[in-house]
Amino acid sequence: MSRRAAILAPLAALLACQDYRFNPVGRCTIQPGQVRLTLSSVTVADILFVIDDSASMDPMQQNLADNFKAFVAQLAATQADRKARGLEALEFHVAVTSSSVFVSRNSGASCGGTPLACNITNPTIPPPYSYACTTPGNPCGDLVDEFFDVGTAGCSQGLAPGNGVAFPAGDFVARVGNPKVLHFAKTLDWSTWATDASGNPTAGVDPALAALYRQFRENVAVGSCGSNEEQHFEASRLAVKKALRQDGLSQPADVLPADWPHEGAKLVVVWLGNEDDCSNPKDPLLSIMLSGTPGGDSCTTEQLKPAAQQVLVPVADYATFLQGLGRPLGAAFIYPGAQGASGFVPGACSCGAGCAGQGPGTRFQALAAALRGQGASVVEASICDASFATTLQQIADLVKPPESLTLPTQPAAGEVARLRIVGLDGKTAKVCAGPSSAQEWWFADCADGTPTPGTPPGSTPSACVAIQKGGCEANPGQTYVAEYLGRVPADGCAVDADCLAALGGSASDWHCDVAPGQSRGTCLCGP
């Protein structure tokens, strides 16, 4: 037996026999790690569509509506598959908001007078007003958070309620008469789903499912009269905060707390836009004054400044917010660009007549990468695709319960990790075989989900665990429990001296054990 195997074998036995309760022994620290994911409500998904409602977005909104049948068809197939395997049906709850929070417009005025003030004499929306400023001669922005050009040429009203009415700023929106949250309950008869050549449900479709399908297609037509200073990410954060009643915010009175979100449900956010995110402070002295043309406007050029000088809300803030909700997370980004050999590449793309106003979605790409790095399931697709059918099928897959787990730390070795399913009675229902991509669970690359290298593939520890569909799949009410001994220190060691520096003691107390082919390992007892 190798020295490494001799050290790990008793730890693996301890893992198996003591239900993962460990104590430090002398100076030999054993670092336990555990993650639990109960599926009592993970068969439920809360979906938020954040749709760009600026000028030129009408064709893309129509594309989304026209191809929603692909989303429903994919879910119908998923429901049929779950039923065949004796699993409970999924349910999901869909809300829509727009990218309109505010726009800061050039008023033509400048900071001046005694005391210094911005006097907006020709505001976008009367009456004139003033606010204090600090730098003489600086241009004064007119901060507008209401619709102001509904009914003008080149602007389709959609769901826009009319001039002088506040932008949604995260409020859920819907066509008059439709619910603002569409509840696709488990009681729907998905087996009836079928559409005719025009994409309309056939006569035999469950009437409740047909009604929800129609209502979604109507609700996503948010129009193109909204803010041209698209704040996709801030709108999504406001929507979630309002739904959770955080910071004194709330959704409109016709959206009940029980409507959205649901306790422990998976959260799926879908962003659709033809210009990059421009989330920035709602403050006339700090906000970005919109100027220029799409792709080269003030929101785009702001990104060219050093990070410390930008007023754009850092993308990392939104990744942290979403991850901090403590829910399984899925995200989809539909923005200008194309799928390349090395992934999605933002940039201009051709989407036919009536498609204009594009800007490279570098912040979209950055948030997608950040969420993917945190273990979220992510879809990136082009807004210029002739049909969103494939994209919506991919988004439908995001609704599924997690087929992966993200561990809080990386295990020291595959021999000291296990995955099991615990029933409602608290007893172990199954210990899953692994880690190996040929078995029921394995370690995966957190960036792309592929099995980690090693012999066998998937046996080299990482912080991400993939679960074989149908092989070790928990039912609603059951809990995945991943248990392991974590690396010591958490970021691993490269040489013995790293252990001494991190853990103290003397050089004879520690040994840095690095598996073949790896650059970092874990600290074990002894020289």
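# Loops, cores and a helix pair

Biologist: Let's start with Ala 169: in which loop is Ala 169 found?

Modeller: Happy to, and bear in mind that the model is predicted. Ala 169 lies in the loop between strand E7 (139–144) and strand E8 (181–184).

Biologist: Is Ala 169 buried or exposed?

Modeller: The backbone of Ala 169 has a positive phi of about 50°, although this residue is not a glycine. Its relative accessible area is 15%. Since buried means under 20%, Ala 169 counts as buried.

Biologist: Arg 245 has a positive phi too. What is the relative accessible area of Arg 245?

Modeller: Phi of Arg 245 is near 60°, and this residue is likewise not a glycine. Arg 245 is found in the loop between H5 and strand E9 (266–272). Arg 245 is partly exposed, with a relative accessible area of 31%.

Biologist: How do the axes of H5 and H7 run, roughly parallel or roughly antiparallel?

Modeller: Helix H5 covers residues 232–244 and helix H7 residues 315–323, and their axes come within 11 Å. The axes cross at roughly 25°. Angles under 35 degrees count as roughly parallel, so H5 and H7 are roughly parallel.

Biologist: And how many charged residues are in the contact of H5 with H7?

Modeller: H5 contributes Phe 233, Glu 234, Arg 237, Val 240 and Lys 241, while H7 contributes Val 315, Asp 317, Tyr 318 and Phe 321. Five residues of this contact are nonpolar and none is polar, and the number of charged residues is four.

Biologist: Let's look inside the protein. Which helix gives the most to the largest nonpolar core?

Modeller: That core has 46 residues, and those with the most contacts inside it are Ile 47, Phe 49, Phe 71, Phe 92, Phe 184 and Trp 190. Apart from it lies another core, of 37 residues, among them Trp 271, Val 313, Leu 325 and Ala 331. In the largest core, five residues come from the helix that gives the most, residues 68–84, which is H3.

Biologist: Phe 92 is on your list of residues with the most contacts. Which valine does Phe 92 touch?

Modeller: Residues up to four places away in sequence are not counted here. Among the residues that Phe 92 touches are Ala 45, Ile 47, Phe 71, Leu 75, Leu 182, His 183, Phe 184 and Trp 190. The valine that Phe 92 touches is Val 399.

Biologist: Now for the peptide bonds: where does the cis bond to Pro 435 start?

Modeller: Pro 435 lies in the loop between strand E16 (428–432) and E17. Omega of this cis bond is about 10°. The residue joined to Pro 435 by the cis bond is Gly 434.

Biologist: What is omega for the bond from Pro 126 to Pro 127?

Modeller: Pro 127 is found in the loop between strand E5 (117–120) and strand E6 (129–132). The bond from Pro 126 is cis, with omega near 5°.

Biologist: One last residue, Ala 444. What separates the C-alpha atoms of Ala 444 and Ala 463?

Modeller: Ala 444 lies in strand E17 (residues 441–444) and is buried, with a relative accessible area of 4%. Leaving aside neighbours within four places in sequence, the contacts of Ala 444 include Ser 462 and Cys 464. Ala 463 is 19 residues away along the chain, and the C-alpha atoms are separated by 7.9 Å.

How values were computed: Residues numbered from 1 in each chain as written. Predicted model: local features only at pLDDT ≥ 70, side-chain atom pairs only at ≥ 80, totals over all residues. Heavy atoms only, no water. Core = buried A, V, L, I, M, F, W, Y, C linked by side-chain atoms within 4.5 Å. Buried < 20%, exposed > 50% of the residue type's maximum accessible area, 1.4 Å probe, protein only. Helix = DSSP H or I, 4+ residues; strand = E, 2+ residues; numbered from the N terminus. Contact = heavy atoms within 4.5 Å. Axes fitted to C-alpha atoms, helices over the stretch in contact; angles between N-to-C directions. Parallel < 35°, antiparallel > 145°, perpendicular 65-115°, else oblique. Nonpolar A, V, L, I, M, F, W, Y, C, P; charged D, E, K, R; others polar.
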